[in-house]
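Here are some short exercises on helix packing and an internal cavity. Take a look at the model first, then work through each solution with us.

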Amino acid sequence: MYEKLVNLICNYVEVKPENITPDSRFMEDLGFTSFDFMSMLGELEDEFDIEVDEQKAADIRTIQEAVTYLEGLVGQE
């Protein structure tokens with residue numbers, strides 16, 4: 001899940017995969033806008049056939065938090 005997320009992130013912002021760590025913050029470190037973040041979540045929903053709760057997604061700050069949340073959703077399927 002982590003590697004897929006990193007690859008997807010690189011489609012939205014100009015950051016090299018090797019510069020992304022589990023502690024990287026979407027907005028502060030990677031330069032995401034809220035629109036970029038929500039667009040990426042939509043793409044993840046399609047790819048993994050999951051439903052992201054927008055309220056919970058708004059609390060996600062780091063890559064690791066996103067991975068943990070997404071793995072939980074995928075595990076529910």
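**Exercise 1.** Sort the residues of the lining of the largest cavity into nonpolar, polar and charged.

*Solution.* The lining of the largest cavity divides into nine nonpolar, no polar and no charged residues. Here Ala, Val, Leu, Ile, Met, Phe, Trp, Tyr, Cys and Pro count as nonpolar, Asp, Glu, Lys and Arg as charged, and the others, Gly among them, as polar. The lining is made up of L5, F26, M40, L41, L44, I60, A66, Y69 and L70. Helices α2 (34-48) and α4 each supply at least two residues of this lining. The largest cavity has a volume of about 30 Å³. A cavity is a set of points on a 1 Å grid where a 1.4 Å probe fits but cannot get out, and lining residues have an atom within 4 Å of a point.

A word on the source: this is a predicted model, with local features needing pLDDT of at least 70, side-chain atom pairs counting only at pLDDT 80 or more, and totals for linings using all residues. Residues are numbered from 1 along each chain, and side-chain values use heavy atoms, without hydrogens and water.

**Exercise 2.** Describe how α1 packs on α4.

*Solution.* Begin with the axes: those of α1 (residues 2-12) and α4 (residues 63-76) come within 10 Å and cross at roughly 125 degrees. That angle makes α1 oblique to α4, as oblique covers what is left after under 35 degrees (roughly parallel), over 145 (roughly antiparallel) and 65 to 115 (roughly perpendicular). Next, list the contacts (heavy atoms within 4.5 Å): Y2, L5 and I9 in α1 meet I63, A66, V67 and L70 in α4. By class, these are seven nonpolar, no polar and no charged residues.

**Exercise 3.** Do likewise for α1 and α2.

*Solution.* The axes of α1 and α2 come within 11 Å and cross at roughly 135 degrees. Hence α1 is oblique to α2. From α1, the residues K4, L5, L8, I9 and Y12 meet D36, S39, M40, E43, L44, E47 and F48 in α2. This contact has seven nonpolar, one polar and four charged residues.

Key. Axes fitted to C-alpha atoms, helices over the stretch in contact; angles between N-to-C directions. Helix = DSSP H or I, 4+ residues; strand = E, 2+ residues; numbered from the N terminus. 1 Å grid on protein atoms, 1.4 Å probe; cavity = no way out; pocket = protein on both sides within 12 Å on 5 of 7 lines; lining within 4 Å. Points joined across faces, edges and corners; volume = space filled by probe spheres on them.
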